[in-house]
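Please work through the exercises below with the sequence and the model at hand, and try each task yourself before reading its solution.

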Amino acid sequence: MPWKAGRIQQDYCLKRNWIIVHQYVEAKSGTSAEHRYEYRKLYAGLSTMDYDLVVVKSQDRLMRSDLEWNLFIRELLKTGKRLFFYID
């Protein structure tokens, strides 16, 4: 359930005194970014949003396509953002 995953991330961030700027939670799974509206907002926000860290449970929760994963990492590096994976 999306809300459960979001709650776990909130708890994880709060324990580290990280400020949550925005949460991007998909309502359903997808294999490409084309129909993942929340992912597309996250990707667009890499260059416009005022945050420095993207927190995600695992790579496959963020992106399943190797090509789109590489594009995401390139944009992440270009904008100086960091990526943090957590284990619940």
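The exercises that follow concern a predicted model, and each one is solved step by step.

**Exercise 1. Glutamate 38**

Task: Find out where glutamate 38 lies, decide whether glutamate 38 is buried or exposed, and describe the salt bridge of its side chain.

Solution:
- Begin with the place in the chain: glutamate 38 belongs to helix 2, which covers residues 37-48.
- Next, consider the accessibility: the relative accessible area of glutamate 38 is 18%, and because buried means under 20%, this residue counts as buried.
- Then look for contacts beyond four places away in sequence, where glutamate 38 touches His22, Gln23, Tyr24, Val25 and Glu26.
- Turn now to the salt bridge, in which the side chain of glutamate 38 meets that of lysine 41 at 2.9 Å, taken from N to O.
- Finally, place the two partners: glutamate 38 and lysine 41 are both in helix 2, three residues apart, which is about one turn of the helix, and lysine 41 is partly exposed with a relative accessibility of 43%.

**Exercise 2. The other salt bridges**

Task: The structure holds three salt bridges; describe the one between arginine 82 and aspartate 52 and the one between lysine 78 and glutamate 75.

Solution:
- Start with arginine 82 and aspartate 52, whose side chains form a salt bridge with an N to O distance of 3.9 Å.
- This distance is accepted because the cut-off for a salt bridge is within 4 Å.
- Locate the partners: arginine 82 is in strand 2, whereas aspartate 52 is in the loop between helix 2 and strand 1 (53-56), so the pair ties together parts that are 30 residues apart in sequence.
- Add the accessibility of aspartate 52, which at 46% counts as partly exposed.
- Go on to lysine 78 and glutamate 75, whose side chains meet in a salt bridge at 3.3 Å, N to O.
- Both of these residues are in helix 4 (residues 66-79), and because they are three residues apart there, about one helical turn separates them.
- Compare the categories: lysine 78 is exposed with a relative accessible area of 64%, while glutamate 75 is buried at 12%.

**Exercise 3. Aromatic rings**

Task: Six aromatic pairs are found in a search of the whole structure; work out how the rings of tryptophan 18 and phenylalanine 84 are arranged, and then do so for tyrosine 39 and tyrosine 43.

Solution:
- Recall what has to be known: a pair of aromatic rings is described by the distance of the centres and the angle of the planes.
- For tryptophan 18 and phenylalanine 84, the centres are 5.0 Å apart and the planes stand at 85 degrees, so this pair is edge-to-face.
- Trace the two residues along the chain: tryptophan 18 is in the loop between helix 1 (2-15) and helix 2, and phenylalanine 84 is in strand 2 (residues 82-85), so that the pair links distant parts of the chain, 66 residues apart.
- Tryptophan 18 is partly exposed with a relative accessibility of 26%, and phenylalanine 84 is partly exposed with a relative accessible area of 26%.
- For tyrosine 39 and tyrosine 43, the centres lie 6.2 Å apart with 35 degrees between the planes, and the pair is tilted.
- Because tyrosine 39 and tyrosine 43 are four residues apart in helix 2, they are separated by about one helical turn.
- Tyrosine 39 is buried at 5%, whereas tyrosine 43 is partly exposed at 30%.
- To finish, note that Tyr39, Tyr43, Trp69, Phe72 and Phe85 form one aromatic cluster.

**Exercise 4. Charges over rings**

Task: State which ring arginine 16 lies over, and which ring lysine 81 lies over.

Solution:
- Arginine 16 is placed over the face of tyrosine 12, at 3.5 Å from the ring centre.
- Lysine 81 is placed over the face of tyrosine 51, at 5.3 Å from the ring centre.

**Exercise 5. The loop between helix 1 and helix 2**

Task: Describe asparagine 17 and valine 21, two residues of this loop.

Solution:
- Asparagine 17 lies in the loop between helix 1 and helix 2, and its phi is near 60 degrees, a positive value in a residue other than glycine.
- Asparagine 17 is exposed, with 69% relative accessibility.
- Valine 21 is found in the loop between helix 1 and helix 2 and is partly exposed, with a relative accessible area of 45%.
- Lastly, Val21 makes a nonpolar surface patch of about 300 Å² together with Ile19 and Met49.

Technical notes: Residues are numbered from 1 along each chain as its sequence is written. This is a predicted model: local features need pLDDT of at least 70, side-chain atom pairs count only at pLDDT 80 or more; totals for chains, interfaces and linings use all residues. Side-chain values use heavy atoms; hydrogens and water are left out. Buried means under 20% relative accessible area, exposed over 50%, partly exposed in between (1.4 Å probe, protein chains only). Contact means heavy atoms within 4.5 Å. Rings of Phe, Tyr and Trp (its six-membered ring) pair if their centres lie within 6.5 Å; planes under 30 degrees apart count as stacked, over 60 as edge-to-face and the rest as tilted. A charge sits over a ring if NZ of Lys or CZ of Arg is within 6 Å of the ring centre and within 35 degrees of the ring normal. Patches are made of residues with over 30% relative accessible area and no salt bridge: like charges are joined within 9 Å, nonpolar side chains (Val, Leu, Ile, Met, Phe, Trp, Tyr) within 5 Å. Accessible areas come from the Shrake-Rupley method with a 1.4 Å probe; for residues, only the protein chains shown count as cover.
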